[in-house]
Amino acid sequence: MTDSTFPVGTFSFSNGLETASHLGIVHNADTLEQYTRSVARQGAFSDGVAALLALRAANEGDVEKIEKIDHELMLFKMNDEARMMLQRMGKKLAELAVKLFPDSTVIARWLESIRADKTPGTYPVAQGLAFAAAGLGEEELFASHQYGVINMVLSAALRCVRVSHYDTQIILQKLCGESEALFGEAREMTFEDMNSFVPEMDIFASLHEKGNMRMFMN
């Protein structure tokens, strides 16, 4: 469910990498690894926490709590591009999840709320609901979430940074190996503990909204 060919549109976004590459800040394998690690850490302690909370709420059958998590995560996002990315991918995953898991009333009700504009429909929440419906646990969800975040950046890098498939696979292996330690922290977090202090990425995303780079969605 986090493969780049899974039809939710992850290939369309670069998490600010396109701007960072255009400005020469990310220009080789070393700078790409640093950038991707920052994205992974940011994702772990924001989207990753929301996904875990959504999975727990789904297992409780609490749709109101799921909607609260959805709204809280959107409030956490500082730039329009990040909000659009989460909503577009979230709605696509919700629409696919109701077909993959037709017996899940929680996913069906949540998709109704999205279509009625009662809730934003963010991607991490959709992941939490889908993993709950599949009978998967928190560790599997978090590992998959982190893989998806890391792979999204590295897939984009192959199109806009001077790196090879060998470089990206080495970075992928290294950063995925760091996910277990991040999970140990994220699993204990609530909304009050969520943090995402990588201001440069919000600046990159803001520049991308009005920039000349158009390989990725904005």
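Begin with the lining of the largest pocket in this predicted model, and select helices α2, α5, α7 (123–133), α8 (138–160) and α11 (199–210), each of which supplies at least two residues of that lining. The space inside this largest pocket comes to about 510 Å³, and of the 32 residues that line it, those closest to its centre are Asn-15, Gln-42, Lys-77, Ala-82 and Met-85. If you colour the lining by residue class, you will find 17 nonpolar, eleven polar and four charged residues.

Next, select helix α5, which gives the most to the lining of the largest pocket, with five residues. This helix runs over residues 80–100, and its 21 residues, at 1.5 Å a residue, should span 30 Å, which agrees with the 30 Å between its end C-alpha atoms. Along α5, the residues to show as buried are Glu-81, Ala-82, Met-84, Met-85, Leu-86, Met-89, Gly-90, Leu-93, Ala-94 and Ala-97. Ala-82 and Met-85, buried in this helix, are also among the residues closest to the centre of the largest pocket.

From α5, move to Asp-47, which lies in helix α3 (residues 47–60). Is Asp-47 buried or exposed? Its relative accessibility is 10%, and because buried means under 20%, Asp-47 counts as buried. Showing its surroundings, and leaving out residues up to four places away in sequence, you will see that Asp-47 touches Leu-73, Lys-77, Leu-86, Pro-124 and His-145. Of these contacts, Leu-86 is one of the buried residues of α5, while Lys-77 is among the residues closest to the centre of the largest pocket.

The tour now turns to charged pairs. Side chains of opposite charge can pair when their charged atoms come close. The structure holds nine salt bridges, and a good one to select is that between the side chains of Lys-174 and Glu-33, with a distance of 3.3 Å from N to O. Lys-174 lies in helix α9 (residues 165–176) and Glu-33 in helix α2 (residues 29–44), so this pair ties together parts that are 141 residues apart in sequence. The two partners differ in their setting, since Lys-174, at 39% relative accessibility, counts as partly exposed, whereas Glu-33, at 15%, counts as buried.

For another pair, select Lys-68 and Glu-72, which form a salt bridge whose closest N and O atoms are 3.0 Å apart. Both belong to helix α4 (residues 63–76), where, being four residues apart, they are separated by about one helical turn. Lys-68 is partly exposed at 45% relative accessibility, and Glu-72 is partly exposed as well, with a relative accessible area of 28%. Returning to Glu-33 and Lys-174, add Arg-37 and Glu-178 to the selection, and you will have one network, joined by salt bridges that share partners.

A further salt bridge links Glu-60 with Lys-65, where the closest N and O atoms are 3.0 Å apart. Here Glu-60 counts as exposed, at 53% relative accessibility, while Lys-65 is partly exposed, with a relative accessible area of 35%.

As a last stop, select Arg-109 in helix α6 (residues 105–115), a residue that is partly exposed, with a relative accessible area of 46%. Then add Val-98 and draw a line from C-alpha to C-alpha: how far apart are Arg-109 and Val-98 in space? The two are 9.8 Å apart, with a separation of eleven residues in sequence.

Terms used:
Residues are numbered from 1 along each chain as its sequence is written. This is a predicted model: local features need pLDDT of at least 70, side-chain atom pairs count only at pLDDT 80 or more; totals for chains, interfaces and linings use all residues. Side-chain values use heavy atoms; hydrogens and water are left out. The expected span of a helix is 1.5 Å times one less than its number of residues. Buried means under 20% relative accessible area, exposed over 50%, partly exposed in between (1.4 Å probe, protein chains only). A salt bridge is a side-chain nitrogen of Lys or Arg within 4 Å of a carboxyl oxygen of Asp or Glu. Contact means heavy atoms within 4.5 Å. On a 1 Å grid over the protein atoms alone, a cavity is a set of points where a 1.4 Å probe fits but cannot get out, and a pocket is an open set with protein on both sides within 12 Å along at least five of seven lines; lining residues have an atom within 4 Å of a point. Grid points are joined across faces, edges and corners, and a volume is the space filled by probe spheres set on the points. Ala, Val, Leu, Ile, Met, Phe, Trp, Tyr, Cys and Pro count as nonpolar, Asp, Glu, Lys and Arg as charged, and the others, Gly among them, as polar.
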